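Me: Can you walk me through this model? I'd like to start with the ligand site.

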Amino acid sequence: MPSTPKPTESPVIEIRDLHKRYGDLEVIKGVDVTAHRGDVVSLIGSSGSGKSTLLRCANLLEDSQKGDILFNGEPVRWSGHPRRPADPSQILRIRTNLSMVFQQFNLWAHMTILQNVMEAPVTVLGRDRDEVEAAARSYLDKVGIGDKCDVYPAQLSGGQQQRAAIARALCMEPQALLFDEPTSALDPELEQEVVKVIRELANEGRTMLIVTHDMKMAADVSDHVIFLHQGKIEEEGAPDTLFGAPKSERLQGFLASTMAV
Amino acid sequence: MPSTPKPTESPVIEIRDLHKRYGDLEVIKGVDVTAHRGDVVSLIGSSGSGKSTLLRCANLLEDSQKGDILFNGEPVRWSGHPRRPADPSQILRIRTNLSMVFQQFNLWAHMTILQNVMEAPVTVLGRDRDEVEAAARSYLDKVGIGDKCDVYPAQLSGGQQQRAAIARALCMEPQALLFDEPTSALDPELEQEVVKVIRELANEGRTMLIVTHDMKMAADVSDHVIFLHQGKIEEEGAPDTLFGAPKSERLQGFLASTMAV
Amino acid sequence: MCTDPSQLDQFSWLACYLTTPKHMALYWSVGTVLSLLAITAPAALLFGFGGATSARSRITPLRWFGKGYIAIVRGVPDIAFFLFFVIALDQGFEWIRHQVKCPDWPDPIRQGNDFIVCAAAKMPLGTAPQWVHETYGFFLAVLTFAIVFGAFAANVLYGAMRSVPHAQLETAAAYGMTPRQTFWRILVPQMWVYALPGLGNLWMVLIKATPLLFLLGVEDIVYWARELGGAKTARFTDYPHADWRMWYFFGLLVFYLLFTRVSEVVLDRLMKRLTHGQATVGGEAQRKAA
Amino acid sequence: MSCWETLADYGLRSLGYGERLLPRDELTICQQVVLIGSGMLWNIYFGVLSVIVGFMLATAVALGKASQSALWRKLSEWFIFLFRGSPLFIQFFFAYFLFLSLKSSFPAASVFTSAWSGALVVLILNTAAYSGEIFYGALMSVPKGDIEAADAYGFKGWSKFRKITWPTMLRLAWPAYTNEAIFLFHATTLVFFSGFPARQQQGDALYYASYFADKTFNPFIPYPILAGYFILLTLIIITLFGIVNRRLNRHLPQNDRPRLKLKPRLLR
Amino acid sequence: GSHSVVRMGTEGAYPPYNFINDAGQVDGFERELGDELCKRAELTCEWVTNEWDSIIPNLVSGNYDTIIAGMSITAERDEVIDFTQNYTQPDPSAYLVMAGNEGVALEGAVIAAQTNTIQASFVAEMGATLLEFASPDETIAAVRNGEADAVLADKSFLTPIADEGGDLVMLEREELIGGGVGMGLRESDGELKEKFNAAIQSMKDDGSLNTLIAKWEIGAAF
Ligand SMILES: Nc1ncnc2c1ncn2[C@@H]1O[C@H](COP(=O)(O)OP(=O)(O)OP(=O)(O)O)[C@@H](O)[C@H]1O
Ligand SMILES: Nc1ncnc2c1ncn2[C@@H]1O[C@H](COP(=O)(O)OP(=O)(O)OP(=O)(O)O)[C@@H](O)[C@H]1O
Ligand SMILES: [Mg+2]
Ligand SMILES: [Mg+2]
């Protein structure tokens, strides 16, 4: 599945020269990412290289110091200092079209799993409660925790929580999805399920940014892979070329360990 | 590294016919695990199969309904109904010889990373503060977050938190270690580092129980692999035989997905 | 010269008026109130800590004692408590001293309505100078306040201890910390974040309870403000005036507001330090503001 | 006179029904219990109404203090500061004074010179300020992950508050809020003690307790009776609030395992 | 028992009987009287103020030895404590109203009184609408701001206020509710009671008590 830019449409997600710092620590140092409709873009890189931060910026959860973020060609309007998104209705429009699976899951502790999944579609999108419930149950079944509908997050195993978080994102049926290490707590079998789901989503035309440590998965699902190193893009390209013939030394070293065993 | 029982010594960790339920849900249904000095035992199995629960039982964090747990041949004394460990001094002795890395890391939120690592050796083992600090810093360097000594857990990336949790466990220099998916948030490079650390520890004669979703890692470091399915041991053996020639259908299916890509 | 009629209506009249010995007593009582607060707050915190720890103790009688203390003292309005408890406390002390010092005393302690202990058991001794009596009264007031507010503090701390995420304690146990170590090293440091808002509130309530001091026999600022502010006829004072309580109460209002403001600033600082780097909305706001 | 008759005569005396005059001599314990209990009706009236109205106002105040708008923030901050920063009896004093002067310009305001409405207003504002601060503190302690997830899913404004923030805020605030509710009920004893005049000897529990203490010169009977009533009332409040608390915390795994019991060795 | 120092408990808020003067000291009729009585009984005395509501409980519990606080001798009180002979004649209570409102029908009026006083019970019994305030100042204020039509209090307390010549005037009508005022003592303290009784008697006999009563305008002489 080679990356096929569709020049007639503007990209769903476009990040231009983004800079972000926490206090004195510069975490993102000028990063560009473009993802068109149906694109799956993977972000790889070592721990602490800024992958989660980049996703959080894309979702407007973090302020950033410099650079642009565009959705469907529409640039985010900023204001203030430190700058932050200026237009609440724009933020809302963007976020309802964009679902995120957090690295720490962030399930709402006071709601059952089913409520967690149903909450946003019902409250934010105003969809019909019964319809949403049916959809939520089917998504929970899809990720294999249909029997855990009525328990609270604290009673789930790590992998079950992660799957609930994925179901929650899917149930929004958004234009684009942001996955932060969506299979970190999953066994290979379930990982395959998730890979299947991601492929289906891409076929439906949804755009995805995926942070992952799993090179096989990155190679498997992506149209485009970005290797982040200390807040900068060290190398990027189609998975075949990137994994097959890495150019930069850093990436070669990084990939060497994957093959080591 | 084939599993070599040392009949002259009693096993460091021995679990016999353990049963554990949460309310009506039976999670562990009679499991036996034996790990001698220097043994690395991996627990694999799908999400929700009871791996974390088993580790938590081994650490006496959970009550169990039936079965025995022995450390260095000494059985845990139980009392009460639901039964729980009866002898506080025994619990203490066991736990100081046993360090755990939690699936959710559970770093102490009010302490900096360095304090997190130093806390238990200083307060529990009563070791010299300066010596422990030196050791703690070297362990943090070893896992690659020596520069994050003075920040709080909430300011770390997922992988950094996980590494801090590993350093915390190592700094106890215990007889045995329990790792719950210790590389779930780590990139392949760091994972290799952790694998190296585990090997070193095994060479020093430390015993380890490792829950992991990474079959390569399991194959790479273990003396013995246990495949858990719905609270029971479905199959176990040396990694070569288990991964090379799985007997049970469930395991075959489970491993199929690993090879799938 | 202060009563010189020619100087009435002038600034110097006010200057004289505000420096009468009676006003000095008002200013002195400000010190009394402040020192009472300064001593009561740590004492109440201590009572609270003791109450909270015994309420979660494994030893059943101690647990009952802790829970009983919290439930009963917390259940009674402070006014009602003050109206009879100090006298009871005082009699209690004297009764104990009487048992110790005058074991051979022939007469009963209760004679009809009277409560009579031997002279040596009196608290303070009948011969003691007035300031000893006042100090003793002050001490009784502090003790009463500490017992009352200790119960509320105990409740706040008890709740805060339960708010610390269980995983944090479990981890400590897993690392071999004894319950005592877990308590002091993990639970106590972490509970403050959860306890501070409640304790801060309690401190505010405590400040606002000082007007009840006069029920305990301590002449506090409100007593003096009432006394000074009430209408005065020329027969009993050199400074007759109408009902000026309005102004005195306004002064009190300013005093309490200022005092509250200072407390808030200090509590805010404390809270900032406690939430620093924590994964909460507060910690996050602090980070984003930086 | 039997105790039942006393109950019939004085049970509703605090509201003006029953005997016109209070008992004067040969005061029985029964009379004290009945009349002080009758006075409790006022404490309950003040307490319940101001808890309910104050709760809503407090939520608004907390939101105001956390709001982006400087106007709302300042307004809430000053409100909290003023009412939390001054003793209740000073508030009563100034409120009574204010209502009196209002009365001279607006005759309609004369209702507020009576305790049942004037003191209620003061109590509501007072508890709204204290609880508002508690709620604000809890708002700041909500785990940021919860809010981020809500943000990320496009929750905003009211629905974000109602669905995500509010339940967690309440859960965190509840122990302190329970304290505040208890304080409020206790504070109702100040209404007649140093605030508003009692009319026709219709007062609250403390009013009657001090009446008896004055008549019998023995504080050790009426005040403990009053204390008993309040302990009972407080236990009821704690129970009701405890039910809510359990509901707010129902998602947390139960750790209330039976504890190790130290067996008493007294009988050996 | 024997008293090396006799502690005299008073309220300090009831002029002319007792009040705190500008110097912050207890002053008034009872201060002068008490000092003189102590001199005659050859006792060392010390003045203590205590809040009115708990003035009797604190006496019986031994926190001071006498009450000398304008306390009328009543049967109820006599059951709990002992009184010396009275050192004033019974003081009538009087009504204070706004100037121009002298014609008010008291039985149907709103009458203010201080909480827990004999006047409060009296108003309740006479059938007027009783309005109770915590302090005497507030009862006066209530008349001024129209909350009450009249205030009922001890005449000697109201006289100086009416004398100010302001907006308030005293009615002719008086009520004889109080007894004479005496010193309160613990029932077990008979010896002290005798000493003070003797001292009061000697002041009555030599007329010095009447001089004091006249000086402080307390009421009728003996
Ligand atoms: N506190 C709890 N209360 C009730 N059920 C629980 C609780 N903790 C775990 N469970 C259930 O026990 C089962 C086993 O959980 P466990 O955490 O051991 O799984 P696991 O094998 O570690 O899975 P994972 O790989 O996803 O972490 C799961 O079905 C889970 O829902
Ligand atoms: N709240 C924060 N305050 C300060 N520094 C932070 C904060 N959050 C993250 N960082 C730092 O920013 C850097 C990038 O963090 P980020 O979470 O983006 O890493 P990551 O690439 O997702 O790593 P991982 O794979 O371990 O999750 C890290 O060095 C981290 O310590
Ligand atoms: Mg990350
Ligand atoms: Mg697990």
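Reply: Residues from chains A and B surround ligand 1, so the site is shared between chains. This is a predicted model, in which local features need pLDDT of at least 70, side-chain atom pairs count only at pLDDT 80 or more, and totals for chains, interfaces and linings use all residues. Residues are numbered from 1 along each chain as written, chains are lettered from A and ligands numbered from 1 in written order, and side-chain values use heavy atoms, without hydrogens and water.

Me: How many residues surround ligand 1, and which are closest?

Reply: The shell has 20 residues, the closest being S157(A), G159(A), S47(B), S52(B) and T53(B). A residue belongs if one of its heavy atoms lies within 4 Å of the ligand.

Me: Which polar side-chain atom lies 2.9 Å from an oxygen atom of ligand 1?

Reply: One from Q103(B). Backbone N or O atoms of G48(B) and K51(B) each lie 2.8 Å from an oxygen atom of the ligand.

Me: And how much of ligand 1 does the protein cover?

Reply: 89% of the 630 Å² of accessible area that ligand 1 has on its own, by the Shrake-Rupley method with a 1.4 Å probe.

Me: What's the split of nonpolar, polar and charged in the shell?

Reply: 4 nonpolar, 13 polar and 3 charged, with Gly counted as polar.

Me: Changing topic: which chains have the most contacts?

Reply: Chains C and D, among the 8 pairs that touch; contact means heavy atoms within 4.5 Å.

Me: How far apart are chains A and E?

Reply: Their closest C-alpha atoms lie 50 Å apart, and no contact joins them. Chains B and E do not touch either, with nearest C-alpha atoms 50 Å apart.

Key. A polar contact is a pair of N or O atoms within 3.5 Å; within protein, one must be able to donate a hydrogen and the other to accept it, and residues adjacent in sequence count only if both atoms are side-chain atoms.
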